Amino acid sequence: MASRSFTRPCSAHRVVRQALSQTIRPSHSSIAALRTSSPTLSHAPTQPISCHRAFHEGPSRRKGEEPPAQAPPTNFGDLDILGNTPIPSTSVDVCMYDGFGLNSGATITDGNGALLVDGEVFNWRPWEAKGSMNLTNKKGQFELPPQAFALFDLIWPRPDLLIIGVGPSIMPLAPATRRHLAELGMRVEILDTRNAASQFNLLATERGVSDVAAALIPIGWKDGVGAK
């Protein structure tokens, strides 16, 4: 019994050894094929990094060359940002005693005012709507009835800004007149006529005649008399 139990594990061990000896081992030719088929890593050539100076380089002078005695003069024409912008035909060239001269060549005389709206010019006689040659109320304020601005009830869209020139000297605008213009959706700037014309010329050139309008009284206006 003892010898039989000893021979069985020995025979089993022999069977395992034979199975291991029959396993397929890689040949030298297959290993060489795997080596040739494996991808090789290629290293890209490194390029030198160029460093640029971050500082501003001024114009260089040759050796022995002297610096200029003075800087070149400034060309103020290059600073005019509106130099190439066409001037509106309704811009005011001349403020006369009893009227105005416009860039288009049109002239307003006989003491009439000027109403400049959307590239058009109209004779403006607000004293007729008021029924009096006195455009100043008892408080020294420039006051006109709503009928004096009836033209703005007929146009749409209305200008964003209305510049009012009240004559030779500036005066405050009456609250009732300012309230009516605000209801029309327009902002108001009140000046003496010379400065009002200059302001209109600038803003009409910059923003366009559709956004800026002007209502101007002649510089020779005298309350109760007119500009005659």
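Two strands count as paired if DSSP finds at least two bridges between them. The model discussed here is predicted.

Q: How many bridges join β1 to strand β2?
A: Pairing needs at least two bridges. Strand β2 covers residues 99–102, and β1 and β2 run antiparallel. The number of bridges joining β1 to β2 is four.

Q: Which residue in β2 stands opposite V92?
A: Strand β1 spans 92–96. Its partner β2 spans residues 99–102. Opposite V92 stands L102.

Q: What is the order of strands in the open sheet of three strands?
A: Strands of a sheet pair through backbone hydrogen bonds, either parallel or antiparallel. In this open sheet the pairing is antiparallel. The edge strands, β1 and β3, each pair on one side only. The order is β1-β2-β3.

Q: Which helix lies across β1 and β2?
A: The helix in question covers residues 193–207. It runs at about 170° to β1. The helix is α5.

Q: What pattern does the protein chain follow, read along the sequence?
A: The chain's secondary structure comes to five helices and eight strands. Read along the sequence, these give α-α-β-β-β-β-β-α-β-α-β-α-β.

Q: Is D110 buried or exposed?
A: D110 sits in the loop between β3 (107–108) and β4 (113–117). Its phi is near 65°, a positive value in a residue other than glycine. The cut-off for exposed is over 50% relative accessible area. Because its relative accessibility is 55%, D110 counts as exposed.

Q: Where does D118 lie?
A: Phi of D118 is near 55°. That is a positive value in a residue other than glycine. D118 lies in the loop between β4 and β5 (120–124).

Q: Which peptide bond is cis, with omega near 0°?
A: The bond leads into P157. P157 belongs to the loop between α3 (126–130) and β6 (161–165). The cis bond runs from W156 to P157.

Q: What share of the 228 residues in the protein chain is buried?
A: Buried means under 20% relative accessible area. Of the 228 residues, the share that is buried comes to 30%.

Q: What share of the exposed area do carbon and sulfur atoms supply?
A: The protein chain exposes about 16300 Å². Of this area, carbon and sulfur atoms supply 56%.

Q: What share of contacts with a separation of 6 or more comes from residues 24 or more positions apart?
A: The count takes in contacts in the protein chain with a separation of 6 or more. Residues 24 or more positions apart account for 63%.

Notes:
Residues numbered from 1 in each chain as written. Predicted model: local features only at pLDDT ≥ 70, side-chain atom pairs only at ≥ 80, totals over all residues. Heavy atoms only, no water. Helix = DSSP H or I, 4+ residues; strand = E, 2+ residues; numbered from the N terminus. Buried < 20%, exposed > 50% of the residue type's maximum accessible area, 1.4 Å probe, protein only. Contact = heavy atoms within 4.5 Å. Axes fitted to C-alpha atoms, helices over the stretch in contact; angles between N-to-C directions. Areas by Shrake-Rupley, 256 points an atom, 1.4 Å probe, with all protein chains shown as cover.
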